[in-house]
Amino acid sequence: MARDLKLIRNIGIMAHIDAGKTTTSERILFYTGKTHKVGEVHEGAATMDWMVQEQERGITITSAATTTFWNYKDGTYQINVIDTPGHVDFTVEVERSLRVLDGAVATFCAVGGVEPQSETVWRQADKYNVPRIGYVNKMDRTGADFQGVCGQIKERLGANAVPVVLPIGAEDKFTGLVDLIYNQAIVYFDDKNVRDNFTLEEIPAAMQTEAAEARARLIEEVATVDESLMEKFFEDPDSITPDELLTAIRKATNRMKIVPMLCGSSFKNKGVQKLLDYIVAFLPSPVDIEAVVGTDPDTEKEVIRKPNETDPLCALAFKIATDPFVGRLAFIRVYSGKLDAGSYVLNSRSGKKERISRLYQMHANKQNPMEVVLAGDICGAVGFKDIRTGDTLCAENAPIVLESMTFPEPVIGLAVEPKTQKDLDKLGIALNKLSEEDPTFTVKTNEDTGQTVISGMGELHLEIIVDRLRREFGVEISQGAPQVNYKEALTKTVQHREVFKKQTGGRGKFADIIFELGPSEEGKAGLEFVDEVKGGNIPKEYIPAIQKGFASAMTNGALAGFPIDAIKVVLKDGSFHAVDSDSLSFEICARNGFRQAAPKAGSVIMEPIMAVEVVTPEENMGDIIGDLNKRRGQITGMESKGTARVVKAKVPLSEMFGYVTVLRTISSGRATSSMEFSNFDDLPANLAREIIEKSSGKFKELE
């Protein structure tokens, strides 16, 4: 089953919320013949937004995958499209999709331009070195400005945005495009159910000078990666053929030297066919991407897998979904080798063999069964007993671990409890499935109250989870008010001695340790444990128990029971009793020692700080800044965007609950805001005191 990997494109559509990603995906499905009728987001009928919650809200929550085909020049290209969410609460969906994509289409609103979430997804694409093309959508909207958006991309994102088309007209007069590569005009006519809704014409006389200048600029930019083109450019720019230009743009795009910019109005069916042509022409195939690099789990040496069928299997599970018909469905990108339905693979995280019972080619939430999936493809697989997002799957005789994905920690929690005993068991199963699907969603049980606390990336994230519990899993729950996920941290190093003695009839318990406790070095997470005990004062077999004691104590800080991310413990000395000492005694001793020493080590409570951006009419700016100041916000910047003003601030999450409603009131519904997690910072002493008082008496010495 040989096939040409050069004819495959694995692409994602990424953007700020409301830039029209899903509408663009829908048009791609229509023009490639995947759907026969155009599905609209605002009518709740989009194919890619298949969840009930997505259709109701008109937003994308999960990244949907689909496979479609496009005829370009002399070949039929397979395009695997992933439509990612734009809302910051679902940033993990974007992160894990970009990890496995070869190229991306960054979509921008012609009016809004570069918005906060555009910056976030752009940085994520930079992190994974994903080449991209830009698509400025909504050219039919009032205030549309293609060149303005290209300028913002250069300025804000530091990317070399180079137009390969120019719009003919704008706003309600947007009628078509000038293709700078072929030097021709594409004029669209309004018939939304016809696939060839355009004619090719001469460039309008009024635009010929502008088009010639833009083409010269385009050639100049791409000539830097192609010397022969550079020579032609200086000798006779008109002799450069479209094919030469396409080859050079492709090279420059894949080396991330330029971002070719296109524009259109997906909703009005203008510009999507040209976008498909240039997705195929400019974005890389699996062959253009260098071989993936991983490590051999046995030898820790670097291993390389090339994108072909002869190398051993190497694949990455980038998303887990619960499908009502097939059960647990893993989305997999195959980097090398081939994957057969019914075959066994090794999961290098768990070290266990797994049998893949069925393979599917994905189309949103429908599946077409496949017998084999080859290198360079994306598919869905069923049959795993134990699989998590970011697991590497490989051939049993050639193990490899790909760099796993890191996910942000949840910053907001919500207590939930089932309404009836019958719902109790269902709740456990449902929460387990949802946390498997989404690495930024966690579930914990509060030891003191026995409550189940679910945590996520924002209010909308938790709202969707609760909604899914009710609808998908049929669990009726009561919920508390949202709570902030605070943390604790140590600020200085102290030395402490802890002795644990307990005498009951018969054998007692004894442990004695002297240790230093303090913050770990910058950038290190978890427990940094150093054993400096000399002369066998504490037998070696008890050292792991001491380490375990400190590690378990980190889940409940000494001030108010919030987790601690990073500490350093240096075990200096201690003593033991030949009869009464055992591993458990030393573990308890370490936990008690941490409780006693942490307050002396300058324990502080840390709160999550959000980066907030508000776009507002000028007349409401004073009120909005005043309101942010009241919320302990720090204004970090102000700028103009067209007639509106943009206010940027850092504000504690605890002050931002229900902010959208207040903002609507202040601005009569004209201002919009977006926020994302920025960092953790010290909680002011008076607020920390309140929190500590609420949780006082929470911890007792361990018996």
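**Helix pairs and sheets**

Colleague: At what angle do helix H6 and H8 pack, and how far apart are their axes?
Modeller: Helix H6, which covers residues 208-222, packs against H8 at an angle of about 55°, and the two axes are 9 Å apart. Helices here are DSSP runs of H or I with at least four residues, strands are runs of E with at least two, and both are numbered from the N terminus. The axes are lines fitted to C-alpha atoms, for helices over the stretch in contact, and angles between N-to-C directions run from 0 to 180 degrees.

Colleague: Before we go on, what kind of model is this?
Modeller: It is a predicted model, in which local features need pLDDT of at least 70 and side-chain atom pairs count only at pLDDT 80 or more, while totals for chains, interfaces and linings use all residues. Residues are numbered from 1 along each chain as its sequence is written, and side-chain values use heavy atoms, with hydrogens and water left out.

Colleague: Back to H6 and H8, then: why are they called oblique?
Modeller: Their packing angle is about 55°, and H6 and H8 are therefore oblique to each other. Under 35 degrees would count as roughly parallel, over 145 as roughly antiparallel and 65 to 115 as roughly perpendicular, with oblique kept for the rest.

Colleague: Is that crossing left-handed or right-handed?
Modeller: The crossing of H6 and H8 is left-handed; the word applies if the near helix is turned anticlockwise from the far one by less than a right angle, and right-handed applies if it is turned clockwise.

Colleague: Which residues meet there?
Modeller: On the H6 side they are Arg-215, Leu-218, Ile-219 and Val-222, and on the H8 side Leu-245, Ala-248, Ile-249 and Ala-252, where contact means heavy atoms within 4.5 Å. By class, this contact has seven nonpolar residues, no polar ones and one charged. Nonpolar takes in Ala, Val, Leu, Ile, Met, Phe, Trp, Tyr, Cys and Pro, charged takes in Asp, Glu, Lys and Arg, and the others, Gly among them, are polar.

Colleague: And how do H8 and H9 cross?
Modeller: Helix H8 (residues 242-254) and helix H9 (residues 272-282) cross at roughly 70°, with axes that come within 9 Å, and they are therefore roughly perpendicular to each other. H8 contributes Leu-246, Ile-249, Arg-250, Thr-253 and Asn-254 to the contact, while H9 contributes Tyr-278, Val-280, Ala-281 and Phe-282. Ile-249 of H8 thus appears in the contact with H6 and in the contact with H9.

Colleague: Switching to sheets, in what order do the four strands of the open sheet with S31 come?
Modeller: The order is S31-S32-S34-S33, and the pairing is mixed; two strands pair if DSSP finds at least two bridges between them. S31 (494-502) and S33 (526-531) are the edge strands, each pairing on one side only. Neighbouring strands are turned by 30° against each other on average, with direction ignored.

Colleague: What holds paired strands together in general?
Modeller: Strands of a sheet pair through backbone hydrogen bonds, either parallel or antiparallel.

Colleague: So how many bridges join S33 to S34?
Modeller: Six bridges join them, and S33 and S34 (residues 566-575) run parallel. One of the partnerships matches Asp-531 with Leu-571 in S34.

Colleague: Which helices lie on that sheet?
Modeller: Helix H12 (residues 543-553) lies across S32 (509-518), S33 and S34 and runs at about 150° to S33. Helix H13 (residues 583-600) also packs on the sheet, where it touches S31, S32 and S34, and its direction makes about 40° with that of S32.

Colleague: Another strand now: is S35 mostly covered or mostly open?
Modeller: S35 (residues 604-617) is mostly covered, with eleven of its 14 residues buried. Buried means under 20% relative accessible area, exposed means over 50%, and partly exposed lies in between, using a 1.4 Å probe and protein chains only.

Colleague: Which strands does S35 pair with?
Modeller: In the antiparallel sense, S35 pairs with S38 (residues 672-682) over ten bridges, with S37 (residues 644-652) over nine and with S30 (residues 487-489) over three. Along S35, Ile-605 stands opposite Glu-488, Met-610 has Phe-677 in S38 as its bridge partner, and Thr-616 stands opposite Arg-645 in S37.

Colleague: And what does the whole protein come to?
Modeller: It comes to 16 helices and 38 strands, and 55% of its 703 residues count as buried.
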